[in-house]
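Subject: A structure for you to look at

Hi,

Here is the structure I promised to pass on. Have a look around it first, and then read my notes below.

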Amino acid sequence: MRIGFDAALGPHAEALKLRSARTEVLARNIAHADTPGYLARDIDFRAELARRLEEGGDAGRLRATDRRHLATGAAATDTVTLKYRTPLMPSFDGNTVDTQTEQAAFAENNLQFQAALQFVNSRLKSLLGAIKGE
Amino acid sequence: MSLLNVFDVSGSAMAAQSVRLNTTASNIANAESIAENPQDTYRARHPVFAQALDRQIGLGGADSEASQGVQILGIVESDAPLEYRYEPDHPFANEEGFVAYPNVSVVEEMANMISASRSFELNVEVMNTARTLAERVLSMGQ
């Protein structure tokens, strides 16, 4: 058995990162509920997580440490692909934010975030237990 | 960390909504204000919201596209026609006896006020949630 943080935490660390990114995207949608012409965005969680796990964590990746660095193909794994939400009801000012939908998505994402956090936490606790030999 | 960007985004939205609430208050307060000259009569004011392009986060980061707050492009005055009321005894009445009142629609302003306060509340809630999540992350492994 390989011992390391990546192996021990499994997919939960990536899921947690993605959940926190999604929290921000949804918060932005809610913030722009009254901005004319704003298009609501969201993350396709399943596809994004699958892509990240396939590309495999942080190992062997070029990291942009300066804002002037060019984004390479490998560095692009750090970015999140945002999709546009299909509006249920068109509005006069071109805004596609449906506050209720966003609020529901935010609440759901909040719960999922806490679930991912719990998983990471319990994995860390079991690592700790193994280290201490209790 | 994206959780902390939520504070920036929601904070900018709260600031924008409070400006909107301010203009609404100003409009309602001045709904009956008249001036000697119709050109100087108060006109309803409304803020124009837009997306603020935040370039500080840098290229290629996970949050480069995501952290865009609300920006107020400016406050525009409504060009709806003024409301002329027939008050021949008024000192500011014109030759035909009409007085120019502001083009403030109080009903519209009330609707605006409710919408602004709802949006504000929602953003406060989002911020509180983000704070709870960040606190839980901080206490990870304890």
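Below is what I found, starting with chain A as a whole and then moving to a few places in it and in chain B.

Please keep in mind that this is a predicted model. Chain A contains four helices and two strands, and if you follow the sequence from its start, they come in the order α-α-β-α-β-α. Of the 134 residues in chain A, 25% are buried. Among contacts in chain A with a separation of 6 or more, 77% are between residues 24 or more positions apart.

A good helix to begin with is α2 of chain A, residues 12-31. This helix has 20 residues and spans 28 Å from its first C-alpha to its last, close to the 28 Å expected at 1.5 Å a residue. Is α2(A) enclosed by the rest of the structure, or open? It is largely enclosed, because 17 of its 20 residues are buried.

Next, try finding the largest nonpolar core, which has 31 residues. Those with the most contacts inside it are A:Ala27, A:Ile30, A:Ala31, A:Ala116, B:Ala13 and B:Val126. The elements giving two or more residues to this core are α2 and α4 (99-132) of chain A, along with α1 (2-29) and α2 (106-138) of chain B. The largest share, nine residues, comes from α2(A).

A:Ala31 is a nice residue to click on. Apart from its neighbours within four places in sequence, A:Ala31 is in contact with B:Val9, B:Ser10, B:Ser12, B:Ala13, B:Gly69, B:Val70 and B:Asn123.

Now turn to how two helices of chain A pack. At what angle do α2(A) and α3(A), residues 45-55, pack? The angle is about 140°, and their axes are 10 Å apart. That makes α2(A) oblique to α3(A). Their crossing is right-handed. On the α2(A) side, A:Glu14, A:Ala15, A:Leu18 and A:Arg22 take part, and they meet A:Phe45, A:Glu48, A:Leu49, A:Arg52 and A:Leu53 of α3(A).

Finally, here is one residue in chain B. B:Val106 is found in helix α2 of that chain. Is B:Val106 buried or exposed? It is exposed, because it has 12 other C-beta atoms within 10 Å, and a residue with 12 or fewer counts as exposed. Leaving out residues up to four places away in sequence, B:Val106 touches B:Ile28 and B:Ala31. Its C-alpha atom is separated by 9.8 Å from that of B:Ala29, although the two are 77 residues apart along the chain.

Enjoy exploring!

Definitions and conventions. Residues are numbered from 1 along each chain as its sequence is written. Chains are lettered from A and ligands numbered from 1 in the order in which they are written. This is a predicted model: local features need pLDDT of at least 70, side-chain atom pairs count only at pLDDT 80 or more; totals for chains, interfaces and linings use all residues. Two residues are in contact if their C-beta atoms, placed from the backbone, lie within 7 Å. The expected span of a helix is 1.5 Å times one less than its number of residues. A nonpolar core is a set of buried Ala, Val, Leu, Ile, Met, Phe, Trp, Tyr and Cys residues joined through C-beta atoms within 7 Å. Axes are lines fitted to C-alpha atoms, for helices over the stretch in contact, and angles run from 0 to 180 degrees between N-to-C directions. Angles under 35 degrees count as roughly parallel, over 145 as roughly antiparallel, 65 to 115 as roughly perpendicular and the rest as oblique. A crossing is left-handed if the near helix is turned anticlockwise from the far one by less than a right angle, and right-handed if clockwise.
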